[in-house]
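Visitor: I would like a close look at one part of this structure, the aromatic rings and what surrounds them. Please set that part beside the nonpolar cores and the unusual peptide bonds.

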Amino acid sequence: FFGFAAKIGLVPFQVWLPAIYPAAPGHVAALMSGGMINVGLYGLWRALEILPPPAPWQGWTIAGLGLASALLGILAALGQGNLKRLLAYSSVENMGLVCLGLGLGLVGLSCGAPAMAALGLGGALFHMLCHAGFKSLLFLCASEVLAAVGSARIAHLGGLAKRMPAVGTLFLLAGAGIAGLPPLPGFIGELTMALAMLAGLELPGLLPRTASAAALAALAAVGGFALAAFAKRSEERRVGKECRSRW
């Protein structure tokens with residue numbers, strides 16, 4: 001598990017993602033975020049299939065580490081001024097969400113809750129596919145912006161939507177999708193995992209119900225922080241544009 005977690009970029013192995021992605025060319029970063037990072041998820045998934053049936057604590061451990069990675073990743077993204085580092089930390093967040101769904105699915109399998117298992121595993125798989133598409137598109141757009149402007153500093157990128165309307169439209173669409181805004185596919189994946197948590201509220205025992213409720217609240221917080229990061233970056237671009245106009 002820890003070997004695949006390092007490949008995925010889960011806490012505490014996430015330090016390589018924000019260092020490697022900004023240094024890589026845009027098309028290479030798109031391949032890494034859309035393909036290479038998912039190899040760790042695929043390997044973990046297949047390894048779990050050949051191991052004995054999981055115990056509930058194993059599923060909760062994976063879900064907890066995934067949720068911690070999602071929270072840490074999006075909070076770190078809030079403080080980034082570099083566009084590619086922001087996208088890298090967003091990958092940490094989304095890989096955490098996928099592992100959260102995977103952990104919930106394992107809990108459902110081990111506790112005999114087929115609805116929770118199907119929703120958790122299905123939401124994890126769907127969110128992984130959505131992240132692969134949206135994040136690859138975001139890195140390709142960031143590469144076009146870097147080539148046109150010569151800078152990845154978000155404060156330097158105001159007014160590019162008028163100069164590069166196609167790139168701006170695609171970036172806005174992919175950014176809204178990765179933030180989980182309805183009715184885009186990213187929202188559907190997170191909604192499916194939320195339904196798995198609601199199914200977890202029906203598990204016997206106080207601890208599983210408390211953990212499911214806490215996970216649901218944390219998932220809502222991650223979505224709110226993602227929207228805040230998007231709005232904060234838009235404000236920085238606007239302020240940067242005004243400063244350059246006054247100069």
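Guide: What follows starts with the ring pairs and then moves to the peptide bonds, the cores and a few single residues.

This is a predicted model, in which local features need pLDDT of at least 70, side-chain atom pairs count only at pLDDT 80 or more, and totals for chains, interfaces and linings use all residues. Residues are numbered from 1 along each chain as its sequence is written, and side-chain values use heavy atoms, with hydrogens and water left out.

A pair of aromatic rings is described by the distance of the centres and the angle of the planes. Rings of Phe, Tyr and Trp (for Trp, its six-membered ring) pair if their centres lie within 6.5 Å; planes under 30 degrees apart count as stacked, over 60 as edge-to-face, and the rest as tilted. The whole structure holds two aromatic pairs. In the pair of F1 and F2, the ring centres are 5.6 Å apart and the planes stand at 65°, so this pair is edge-to-face. The pair of F2 and F13 is edge-to-face, with 6.1 Å from centre to centre and 70° between the planes. F2 belongs to helix 1 and F13 to the loop between helix 1 and helix 2, so the pair ties together parts that are eleven residues apart in sequence. Helices here are DSSP runs of H or I with at least four residues, numbered from the N terminus. Through these ring pairs, F1, F2 and F13 form a cluster.

For accessibility, buried means under 20% relative accessible area, exposed over 50%, and partly exposed in between, with a 1.4 Å probe and protein chains only. F2 is exposed at 55%, F1 is partly exposed at 33%, and F13 is partly exposed at 27%.

The loop between helix 1 and helix 2 (17-20) also holds P12. V11 and P12 are joined by a cis peptide bond with omega about 5°. A cis bond also runs from P182 to P183, with omega near 5°, and P183 sits in the loop between helix 8 and helix 9 (185-200). Most peptide bonds are trans.

A nonpolar core is a set of buried Ala, Val, Leu, Ile, Met, Phe, Trp, Tyr and Cys residues joined through side-chain atoms within 4.5 Å. The largest has 45 residues, of which I8, Y21 and L41 touch the most other members. Two or more residues come from each of helix 1 (2-8), helix 3 (26-50), helix 4 (56-78), helix 5 (83-111), helix 6 (114-149) and helix 8 (165-178). Helix 5 gives the most, eleven residues. Beyond its neighbours within four places in sequence, Y21 has contacts (heavy atoms within 4.5 Å) that include W16, M32, I37, K84 and F139. Apart from the largest core lies another, of 19 residues, with A63, L100, M116 and A215 among them.

L109 is placed in helix 5 and is exposed at 52% relative accessibility. Outside its neighbours within four places in sequence, L109 is in contact with A117 and L121. L109 and P53 are 56 residues apart in sequence, and their C-alpha atoms are 8.1 Å apart.

As for the cysteines, C99 is buried at 0% relative accessibility, while C111 is partly exposed at 35%. With a disulfide taken as a pair of cysteine sulfur atoms within 2.5 Å, the count is zero.
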